[in-house]
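Here is a short set of exercises to work through with the sequence and the model side by side. Try each task before you read its solution.

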Amino acid sequence: MSTKIEWTNEVWNPISGCTKVSDGCKNCYAERMAKRLAGRFGYPEGDPFKVTLHPSKLNEPIKWKKPRRIFVNSMSDLFHEDVPFEFISDVFMVMALNQHHIFQILTKRPDRMLEYFKKVPDNYRLVIGKTAK
């Protein structure tokens with residue numbers, strides 16, 4: 001287990017950074033962690049909590065052969081307005097190709113999530129739907 005989060009086994013962060021959108025963001029642990037990591041591991045020195053895409057991390061779940069419960073973007077929000085829909089689709093494609101894992105996504109942006117799924121082509125929705133267990 002590579003995380004101390006008790007309800008998951010692994011974290012996967014193809015995106016880091018965020019902006020506060022609700023009272024629930026007041027004591028954001030990810031922001032505190034990003035400040036500690038500033039200038040390292042892909043966190044920008046001057047603005048460590050700036051939304052940053054990490055395409056090089058997209059394939060990490062493919063390397064994990066043993067099934068895991070994976071928290072997607074523990075250091076960000078997949079549906080942040082600065083994350084292009086194309087990149088969100090890339091994340092979902094990796095999840096669809098790794099059905100031996102359980103992926104957990106939390107968001108404080110349900111309206112953007114709904115907007116994304118309304119714009120996803122029907123054939124892609126079919127691929128995603130097959131990942132449900």
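**Exercise 1: Registering the sheet**

Arg 69 is placed opposite Ile 102 of strand 5. Keep in mind as you work that this is a predicted model.

Task: Work out in which order the three strands of the open sheet stand, and which strands are at the edges.

Solution.
- Step 1. Begin with strand 4 and strand 5, which pair in the parallel sense over four bridges. Besides the pair that opened this exercise, Phe 71 faces Gln 104 in strand 5, and Val 72 faces Ile 105 in strand 5.
- Step 2. Follow the connection: the chain leaves strand 4, passes through helix 3 and reaches strand 5, a β-α-β crossover that is right-handed.
- Step 3. Turn to strand 1, which runs parallel to strand 4 and is joined to it by three bridges. Here Val 11 is opposite Phe 71 in strand 4.
- Step 4. Put the pairings together: the open sheet has the order 1-4-5, with parallel pairing. Strand 1 (10-12) and strand 5 (102-105) are at the edges; each has a single partner strand, so one side of each lacks a neighbour in the sheet. From one strand to the next, the twist averages 30 degrees.

**Exercise 2: The nonpolar core**

Task: Find which helix gives the largest share of the largest nonpolar core.

Solution.
- Step 1. Recall a general tendency: in soluble globular proteins, nonpolar side chains are often buried together.
- Step 2. Locate the core. The largest one has 20 residues, and those with the most contacts inside it are Trp 12, Leu 78, Ile 88, Val 91, Phe 92, Met 95 and Tyr 116.
- Step 3. Assign elements: strand 4 and helix 3 each contribute at least two residues of this core. The largest share, seven residues, comes from helix 3.

**Exercise 3: Two loop residues**

Task: Decide whether Asn 73 and His 54 are buried or exposed.

Solution.
- Step 1. Place Asn 73 in the loop between strand 4 (69-72) and helix 3 (85-96). Its phi is positive, about 60 degrees, although Asn 73 is not a glycine.
- Step 2. Compare its relative accessible area, 1%, with the cut-off for buried, under 20%. Asn 73 is therefore buried.
- Step 3. Place His 54 in the loop between strand 3 (52-53) and helix 2 (60-63). With a relative accessible area of 9%, His 54 is buried as well.
- Step 4. Look at what surrounds His 54. Leaving out residues up to four places away in sequence, His 54 touches Asn 13, Pro 14, Ile 15, Ser 16, Gly 42 and Phe 87. Pro 14 is 40 residues away along the chain, yet the C-alpha atoms of His 54 and Pro 14 are separated by 4.8 Å.

**Exercise 4: The whole chain**

Task: Find how many helices and strands the chain has, and what percentage of its residues is buried.

Solution.
- Step 1. Count the elements: five helices and five strands. Along the sequence they follow the pattern β-β-α-β-α-β-α-β-α-α.
- Step 2. Check burial: 42% of the 133 residues in the chain are buried.
- Step 3. Check the contacts: of those between residues at least 6 apart in sequence, 79% join residues at least 24 apart.
- Step 4. Finish with the surface. The chain has about 8200 Å² of accessible surface, and 56% of that belongs to carbon and sulfur atoms.

Notes: Residues are numbered from 1 along each chain as its sequence is written. This is a predicted model: local features need pLDDT of at least 70, side-chain atom pairs count only at pLDDT 80 or more; totals for chains, interfaces and linings use all residues. Side-chain values use heavy atoms; hydrogens and water are left out. Buried means under 20% relative accessible area, exposed over 50%, partly exposed in between (1.4 Å probe, protein chains only). A nonpolar core is a set of buried Ala, Val, Leu, Ile, Met, Phe, Trp, Tyr and Cys residues joined through side-chain atoms within 4.5 Å. Two strands pair if DSSP finds at least two bridges between them. Axes are lines fitted to C-alpha atoms, for helices over the stretch in contact, and angles run from 0 to 180 degrees between N-to-C directions. Contact means heavy atoms within 4.5 Å. Accessible areas come from the Shrake-Rupley method with a 1.4 Å probe; for residues, only the protein chains shown count as cover. A crossover is right-handed if, with the strands pointing away from the viewer, the path from the first strand over the helix to the second runs clockwise.
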